[in-house]
Amino acid sequence: MKSQKNSPRSDHLSWEERLADVVTPLWRLSYEEQLEIKQKHQQRILSQLARHLTGDPQGSPVRGKPPFPVLPVLPSPVRDGYRNKSTFSVNRGVDGNPKTVGFYVGTARKGDIVCVNGDHLLNMPEKHKLVARCYQDFLRLSPLEPCLLFHSGGHWREVTARTNAEGHTMAIVYFHPQGLTREEVAAHKADLVEYFTLGPGSVCQLDSLYFQESGMTRCTHEESPYRLLHGQPHIYEEVLGYKFRISADAFFQVNRAAAEVLYTTVRHLCFPTPEDGGGTTKPGGTLLDVCCGTGAIGITISPRVDRIIGIELIEQAVEDARHNAALNKVLNCEFVAGKAEVVLPAAMSQLSAAGGGPLAAVVNPARAGLHHRVVRALRNQPAIRRLVYVSCKPDGEAMRNFRELCCAPDPRKKLWGDAFSPTLAVPVDMFPHTPHCEVVLLFER
């Protein structure tokens, strides 16, 4: 997909323009032009699904015409500064200073990485940029070197800034201890706290300051705990009138305003009512919320159903989901920690025994898509007549899931249930100025 029209050659661009082309490739276009590009891209992806369903994956149906409606992309209510989470890297800047905080231009494979300040990026809020500038200032005051490559030493790594609609701010600093003693690490943590609470960094007005000490590139809270150095353990965000607790590593949609559009769309498709434009399903029944994260989808749908069962792999997210349900006095949600492919069959058996009411499912997996056993469990449960799939990358592994949901019964794959059919697609623009788009697909049988 072409990300922009008439893009200048990168060797004639400033570093700031090069970075904008990497992080926000559509920044030169009007918002209407961005939506048009995203619409055509979704049409192409969903036409690919249609070719697989007709058994002709190499065929070429009418360009941009899937055999089910693809609604116009729902726009983001906020186009600039919409991100509520940003992670800034540390590396050599344009001037060669290794204590530069920003984003990468170039690749490690080519060995031409340059770290460029992100102050000009349209999708970043001012508070995130301020945290990054202050962290860079702190690094340049610190006697410790940054950790650019794990095997080459150094300590200071990325910083993540998280904010909510009210401007409350959490910063998370990542640190490689290398050979430092506990006492030495404690002294540098104290310096960090002093800088952000009493020193120049106090301008950030941090509500929370976390520190994760790890010798691994990425690790969970369970593998290496996030240590609260200052302030409150959580910040809170409100979506569709519900309040949600944000932990240091909790997943939350990066565009709060567009998340309201996304969750409203999912709610309408899972359990439509006459007010939604012709649906006849009365409130009631059960929703299976697979890959439920911190419970946002289930909790926002809860008034329409009798029961929500949320399934999530990450234990901390399940704790947050249970807390969020209690915080909002939502009593019909239960959240189960574990692999969906293990938990789901047991939940299905329990629901079959209990009976009663319509059963719908919503799945919101990561880019890797659903495990084939999860698809099998959903497919083989005849009570599920509606399935809503939320995908951030429908042309990736999700396409395999779509094919398994919709193919003819296949005993070899243990897919015995009736096939689903895609009946509606609703793209939602969660990421203005980028080519990315969330798509909500309704499958029925």
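The following exercises, with solutions, concern the strands and helices of a predicted model.

**Exercise 1. Lay out the sheet: state the order of its strands and which strands lie at the edges.**

Step 1. The sheet is open and has seven strands, ordered β3-β2-β1-β4-β5-β6-β7. Its pairing is mixed.

Step 2. β3 and β7 (226-231) are the edge strands, since each pairs on one side only.

Step 3. From one strand to the next, the twist averages 40°.

**Exercise 2. Describe how strand β2 is joined to β1 and to β3, and how far β2 is covered.**

Step 1. Strand β2 covers residues 100-105. Strand β1 (residues 85-91) is joined to β2 by three bridges, and the two run antiparallel. Within this pairing, Val 101 of β2 is the bridge partner of Val 90.

Step 2. Strand β3 (residues 114-116) is also joined to β2 by three bridges, again antiparallel. Here Val 114 in β3 stands opposite Val 105.

Step 3. Five of the six residues of β2 are buried, so the strand is mostly covered; buried here means under 20% relative accessible area.

Step 4. Helix α1 (residues 15-23) lies across β2 and β3. Its direction makes an angle of about 65° with β2.

**Exercise 3. Find the sense in which β5 and β6 pair, and name the strands that helix α4 lies across.**

Step 1. Strand β5 spans residues 169-175 and strand β6 spans residues 208-213. Six bridges connect them in the parallel sense.

Step 2. One position to locate in the model is Tyr 174, which stands opposite Gln 212 in β6.

Step 3. Helix α4 (residues 182-197) lies across β4 (156-163), β5, β6 and β7. Relative to β6, helix α4 runs at about 155°.

**Exercise 4. Characterise the packing of helix α9 against helix α10: angle, handedness and residues in contact.**

Step 1. Two packed helices are described by the angle and the distance between their axes. For α9 (residues 372-379) and α10 (residues 398-406), the axes come within 10 Å and cross at roughly 30°.

Step 2. Angles under 35 degrees count as roughly parallel. The crossing angle therefore makes α9 roughly parallel to α10.

Step 3. The handedness of the α9 and α10 crossing is right-handed.

Step 4. On the α9 side, the contact is made by His 372, Val 375 and Arg 379. On the α10 side, Arg 400, Asn 401, Glu 404, Leu 405 and Cys 406 take part.

Step 5. Sorted by class, the contact of α9 with α10 contains three nonpolar, two polar and three charged residues.

Conventions
Residues are numbered from 1 along each chain as its sequence is written. This is a predicted model: local features need pLDDT of at least 70, side-chain atom pairs count only at pLDDT 80 or more; totals for chains, interfaces and linings use all residues. Side-chain values use heavy atoms; hydrogens and water are left out. Axes are lines fitted to C-alpha atoms, for helices over the stretch in contact, and angles run from 0 to 180 degrees between N-to-C directions. Helices (H or I, at least four residues) and strands (E, at least two) are DSSP runs, numbered from the N terminus. Angles under 35 degrees count as roughly parallel, over 145 as roughly antiparallel, 65 to 115 as roughly perpendicular and the rest as oblique. A crossing is left-handed if the near helix is turned anticlockwise from the far one by less than a right angle, and right-handed if clockwise. Contact means heavy atoms within 4.5 Å. Ala, Val, Leu, Ile, Met, Phe, Trp, Tyr, Cys and Pro count as nonpolar, Asp, Glu, Lys and Arg as charged, and the others, Gly among them, as polar. Buried means under 20% relative accessible area, exposed over 50%, partly exposed in between (1.4 Å probe, protein chains only). Two strands pair if DSSP finds at least two bridges between them.
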